[in-house]
Amino acid sequence: MAKLVVLSEGLTGRTCELKSEKTTIGRLEDNAFQIAEPSVSSHHCEIVLQGNDVVVRDLNSTNGTFISGERVTETVLKPGQILRLGQVELRLEVGAPVPSGKIPLDKTRVMPQGVKFDLEEGHKPVFEKDSPFAKKSNKTAKVFIAVGVLLGLIIIAALVWALSNIGG
């Protein structure tokens, strides 16, 4: 059975099986295959099954219907070809999926484990002194705190002096 598979990010994995003789595609809900994306016209195109051929017919869409990068009004879509409606790309698949170098979405891929840390109590990672992860000195922070406290005391003393001169 022929089906259209959406390739565009955000819509990836959506499919439309072409079961009936005519399938309309567009942004509105009354289409057989709704693609709610602003670049897709309300009634963008229709897919017509004619024997073994899958025919794409543009329905005067605003942003055009393209097959393999060429704008079309009506033409046969072959398995594996990319159909673009506005900014949305779809691929025609018949029977087994056409290999494309992409990872199938119906299987879970095992992720490599990467680096493991044993962070149980007493097992802290040790970094060399020149490592960007080594503990930094607090000397600069201590100097800023001391200067801040000193300036605060000077301001308080100036306020006390100013208030005593105003009242006296």
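This passage describes the fold, sheet, core and cysteines of a predicted model.

The chain holds one helix and 11 strands. Read along the sequence, the elements follow the pattern β-β-β-β-β-β-β-β-β-β-β-α. The chain has 168 residues, and 27% of them count as buried. Its accessible surface comes to about 12600 Å². Carbon and sulfur atoms account for 57% of that surface. Contacts between residues at least 6 apart in sequence were also examined. Of these, 30% join residues at least 24 apart.

Five of the strands form an open sheet. Their order is E4-E3-E5-E6-E9, and the pairing is mixed. Strand E4 (33–34) and strand E9 (74–77) are the edge strands. Each of the two pairs on one side only. In general, strands of a sheet pair through backbone hydrogen bonds, in either a parallel or an antiparallel sense. Both senses occur in this sheet, as the individual pairs show.

E3 and E4 run parallel and are joined by two bridges. Here Gly-26 has Gln-34 of E4 as its bridge partner. On pairing with E5, strand E3 (residues 22–26) takes the antiparallel sense, over four bridges. Within E5, Glu-46 is the bridge partner of Thr-24. Cys-45, also in E5, stands opposite Ile-25. E5 and E6 are antiparallel too, and six bridges link them. Leu-49 has Val-54 of E6 as its bridge partner. The hairpin of E5 and E6 has two residues between the strands. In this hairpin, Gly-51 takes a positive phi near 65°.

The largest nonpolar core has 22 residues. Leu-4, Ile-35, Leu-83 and Leu-90 touch the most other members. Several strands each supply at least two residues of this core. They are strand E1 (2–6), strand E5 (45–50), strand E6 (53–58), strand E10 (82–85) and strand E11 (88–94). In soluble globular proteins, nonpolar side chains tend to be buried together.

Two of the core residues were followed further. Leu-4 was taken up first, leaving aside residues up to four places away in sequence. Leu-4 touches Leu-83 and Leu-90, and also Ile-25, Ile-47, Leu-18, Leu-77 and Leu-92. Its other contacts are Arg-14, Thr-15, Cys-16 and Arg-91.

Ile-35 is found in the loop between E4 and E5. Ile-35 has a relative accessible area of 1%, and therefore counts as buried. Beyond its neighbours within four places in sequence, Ile-35 is in contact with Leu-11, Ile-25, Val-40, Leu-85, Val-88 and Leu-90. Arg-14, Gly-26 and Arg-27 are further contacts of Ile-35. Val-88 is 53 residues from Ile-35 along the chain. Even so, the C-alpha atoms of the two are separated by 8.5 Å.

Thr-65 is a polar residue at a covered site, in strand E7 (residues 65–67). Its relative accessible area is 0%, so Thr-65 is buried. The side chains of Thr-65 and Asp-58 are joined by a polar contact of 2.5 Å. Asp-58 is also among the residues that Thr-65 touches, when those up to four places away in sequence are not counted. That list includes His-44, Cys-45 and Val-56. Glu-70, Arg-71 and Val-72 belong to it as well. So too do Leu-83, Arg-84 and Leu-85. Leu-83 thus appears among the contacts of Thr-65 and among those of Leu-4.

A search of the whole structure finds zero disulfides. Cys-16 and Cys-45 show why. The sulfur of Cys-16 has its closest cysteine sulfur in Cys-45, at 10.0 Å. A disulfide needs the two sulfur atoms within 2.5 Å, so this separation is too far for a bond. The result holds from the other side: the closest cysteine sulfur to that of Cys-45 is in Cys-16, again at 10.0 Å. Both residues are covered. Cys-16 is buried, with a relative accessible area of 7%. Cys-45 is buried as well, at 0%.

Key: Residues numbered from 1 in each chain as written. Predicted model: local features only at pLDDT ≥ 70, side-chain atom pairs only at ≥ 80, totals over all residues. Heavy atoms only, no water. Core = buried A, V, L, I, M, F, W, Y, C linked by side-chain atoms within 4.5 Å. Buried < 20%, exposed > 50% of the residue type's maximum accessible area, 1.4 Å probe, protein only. Contact = heavy atoms within 4.5 Å. Polar contact = N/O pair within 3.5 Å; in protein donor to acceptor, adjacent residues only side chain to side chain. Pairing = 2+ DSSP bridges. Areas by Shrake-Rupley, 256 points an atom, 1.4 Å probe, with all protein chains shown as cover.
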